[in-house]
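Welcome! Take a moment to look over the sequence and the 3D view, and then we will walk through a few of its parts together.

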Amino acid sequence: MGDLIAGRGCGMAGEHVDLTSEASGRPAPQPTEREQQKFLGVTFACCDVYARIYQNREQTAYVGACPRCSKPLHIGIGPGGTSSRFFTAY
Ligand SMILES: [Zn+2]
């Protein structure tokens, strides 16, 4: 008897892949950090939280505040300054 199984599963016929691989000006990769935001990672011991503080405009200090209690923090950037990028503020 006819065990005709209609050939399903061959639907891959004529897969039309049109790769428009046109290299006409791939968007140039943008420099993610263009001025390199200078920041310090600081642990505020008062609240035991970590935050980043950034350089002030004059680039003479890192200034910020505790995100919890708003305690101000000011870390001067001196000559021969600190090479450490991580601080704990007490
Ligand atoms: Zn605090």
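Which residue in S3 is the bridge partner of Gln55? The partner is Tyr62.

## About the model

This is a predicted model, where local features need pLDDT of at least 70, side-chain atom pairs count only at pLDDT 80 or more, and totals for chains, interfaces and linings use all residues. Residues are numbered from 1 along each chain as its sequence is written.

## Strand S3 and its neighbours

Strands here are DSSP runs of E with at least two residues, numbered from the N terminus. Two strands count as paired if DSSP finds at least two bridges between them. Strand S2 covers residues 49-55 and pairs with S3 in the antiparallel sense over 2 bridges. These two strands form a hairpin with 5 residues between them, and Gln59 in the turn has a positive phi of about 60°.

On to strand S4, residues 72-76: it runs antiparallel to S3, and 5 bridges join the two. One bridge partner pair is Ala61 with Gly76 in S4. The hairpin of S3 and S4 has 6 residues between the strands, and Ser70 there takes a positive phi near 65°.

## The two faces of S3

In a regular strand the side chains alternate between the two faces of the sheet. Along S3 (residues 61-65), Tyr62 and Gly64 point to one face and are buried, which means that 20 or more other C-beta atoms lie within 10 Å of their own, with C-beta atoms placed from the backbone (12 or fewer is exposed, and in between is partly exposed). Ala61, Val63 and Ala65 point to the other face and are not buried.

How values were computed. Helix = DSSP H or I, 4+ residues; strand = E, 2+ residues; numbered from the N terminus.
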